[in-house]
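Student: Hello! Could you walk me through a few features of this structure?
Tutor: Gladly, let's look at it together.

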Amino acid sequence: MKPTFSPTDGPRLSVFDPIHDRRFELGTSSPVRPIRIDTDRFTVPTDNAVEIDTARLVLPYFVEAHIRHGDGTLVRELERDSREKLAAAEYCIELHAPIKLSLFVESEVTVTSALERVAFDFGAETTVRVGARSYHERPADTVRTTADAEDVMAAISTFGSALKTTSPERSFPTLRGHPPAIELGDRLEIPDRLTPPDTGIHIEIPPERERVYVVAPLAYYLGATVVPGERSRIVTDSGFEHSLDADRGFDAEVERVLKQVLFFDCLVRTEGLYPVELHERRAVEGNVELPLADLYDESLSERLDAYLSVPFDAVRDAVPTWRLSMSVTPEADNVALLPYLVDELAVVQRATAGTSGRTRATTPSYVDEFVRSGESSRSASFARPAELTRSTEFGRSMDVRRGREEIDEPYVAPAETDALEQAWLGIGRPFGANKLLRSAFDHRWERTASDGDIDIDIVCNDDRMRAEYDHDDRALYGQRDELPFDVTVHENLTTSALERLLASETDFLHYIGHIDERGFVCADGTLDARSLDETGVETFFLNGCNSYRQGFGLVENGSVGGIVTHGDVGNDGAIAIGRQVARLLNAGFSLRSALAVVGEHRLVAKQYTVIGDGSVEVAQSESSFPALYRLHTDGTDDEYRVKITTYPTADRGIGSLYVPYLDDVDSYFLAGGAIPEFSVSAAELIYLFQLEQLPVFFDGELRWSTELSFDLLS
């Protein structure tokens, strides 16, 4: 599962990452024949590499890049709208593209950059080494543990072994490896090779499994061991101590420490290999008196001491909005999903109410209305987090099958957070959050690599909902010239035809039609996905009433994740949601983030939820991150105010850098949430909007940039 290289017409060199279905193409001066070479010829971590002969390499759009001499010394940081000639020498060029690429060349280099292309000219045909690294990694090993809290502590203490460095650069997601997998068993078994780094940092907590869940991401990022203690605190070998039993509560204090430590690492790393102009550093330097340059060379424990000496209020407004907030119930089975949550550096909160800062949830009005009205005329129960205890007896609110086992779950609503996305792990059928299932993550790693084409099947089993795809498959998916889509539309399928389709391998299924308690409504009856032996559908959008159970069945039987509904949705609302979600997925938003964006302005979206692994994306973003633009006039026809919200992805997570493609922007931003507003001319906005399909909130509506640009022109 390493990146692969292949020549294509154009001429171009195509690089494909099979782990995350990512593709990036480099234009060449003439057809090339890539020759495999050893990766140890590169100074940065590299999964696969080739050698080609070309006089020029051209990127299809601007990406962030760093040009270094062969010894690693930084020469230039790539800027937009520039041209520069570098004298003949050894150069290593880091490209922060959808796949991490490194170019090594010994020649002169003329760099010409613009928003829509970047060209590297070498003067004459020369040999170029091209290395590629996937942003995503798998668990390298497996830890087995019992459900005993102290054994779980020992298992979590191995997570730091996945860090590729303990320097401030570990704030880059590419330098944070995937923690080892965890399996529940009858004894604790830790492979000898899973040795945590010697950071001298320990986290002491009372031996309660729920508290271990909460500290798992922090322990991973700090490379800390977790040990039993009477009080909750962080201690170091040098004598530093920080209490986690703060006034804000245990869960909130752990969250604060994780965010603050990563944030300061992002600032301090600008003193090292990546000396970029960082907006957030400028924003807090007047409020924070820390010797950032000196801290770069300090140990992790010494930096921790310095970072936590700063009140959180001094940096709160500059910390990026976190991607994922996770509510976790107490069950022991949840231990097995912790590595996947930690890999996303999620903020974890206990999903039970009570003392010591545990999550307190309020029930949104739309949930009360849904439960009072009943689901498809059946009784439904709602359990607030206070009721989710080990002794709770749940009412029969829904039936889902795991194999032949019937599982009853109450409806739940996690506490509101400021995170971009929310998820729920454990007992409960959540509103407003991604329902995580262990099987989804198992299936993600079991799936074989595709050929690079994005296979999409649209099924319309209701003639009244044809407007959702307009008889034009490219109206929903495939409007991306640089990505190979294979879109097939199916209408009025029979049960046997739908069963065959669900059994076949496809990247994404968009189902339009009715679903009832028996299953998918077909031309000759119903098909229950829970009865299938297996499915080849990787991800899905089941845009029909009450599709939660069918989505559950697909994930249990082979899928990775999808979007489903809790109850009845009207045709008009379903059509509108279907079209908007489809276009967001097409633009590179994950299942979770696409639904979060739609939910901002359509109440009916509250009836939809994500089941399985909600971080999965159907297509990659055309630029570095999926982004939502909020646009309003500046009082004239020639100026607009623009606020951009970035959505970190599975392969470019918290700690990544973002550069908006706007004039007069002279700094980088940390990805995650909204960056400061910009004043933009109409001409610049029109140019930007015609380059890429971007979602834009304008005049209270969710619009699309390529269409909106024509309105701005008129």
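**A residue and a sheet**

Tutor: Let's begin with N543, which sits in strand 31, residues 537-543. Keep in mind that this is a predicted model.

Student: Is N543 buried or exposed?

Tutor: Residues under 20% relative accessible area count as buried. N543 has a relative accessibility of 0%, so N543 is buried.

Student: Which residue offers its backbone oxygen to the side chain of N543 at 2.7 Å?

Tutor: Leaving aside neighbours within four places in sequence, the contacts of N543 include Y511, G513, I575 and A574. A polar atom of the N543 side chain lies 2.7 Å from the backbone oxygen of one of these, and that residue is A574.

Student: Now the open sheet: which strands stand at its edges?

Tutor: This sheet has 4 strands with mixed pairing, in the order 14-13-15-16. An edge strand has a single partner, so one of its sides has no neighbour in the sheet. That describes strand 14 (225-228) and strand 16 (241-243).

Student: What is the bridge partner of I203 in strand 15?

Tutor: Strand 13 (residues 201-205) and strand 15 (residues 233-236) run antiparallel and are joined by 4 bridges. Within strand 15, I203 has as its bridge partner I234.

Student: Which helix touches strand 13, strand 15 and strand 16?

Tutor: Helix 1 (residues 149-156) lies across strand 13 and strand 14. The helix you ask about covers residues 250-268, packs on the sheet and makes about 135° with the direction of strand 16. That is helix 3.

Terms used: Residues are numbered from 1 along each chain as its sequence is written. This is a predicted model: local features need pLDDT of at least 70, side-chain atom pairs count only at pLDDT 80 or more; totals for chains, interfaces and linings use all residues. Side-chain values use heavy atoms; hydrogens and water are left out. Two strands pair if DSSP finds at least two bridges between them. Helices (H or I, at least four residues) and strands (E, at least two) are DSSP runs, numbered from the N terminus. Contact means heavy atoms within 4.5 Å. Axes are lines fitted to C-alpha atoms, for helices over the stretch in contact, and angles run from 0 to 180 degrees between N-to-C directions. Buried means under 20% relative accessible area, exposed over 50%, partly exposed in between (1.4 Å probe, protein chains only). A polar contact is a pair of N or O atoms within 3.5 Å; within protein, one must be able to donate a hydrogen and the other to accept it, and residues adjacent in sequence count only if both atoms are side-chain atoms.
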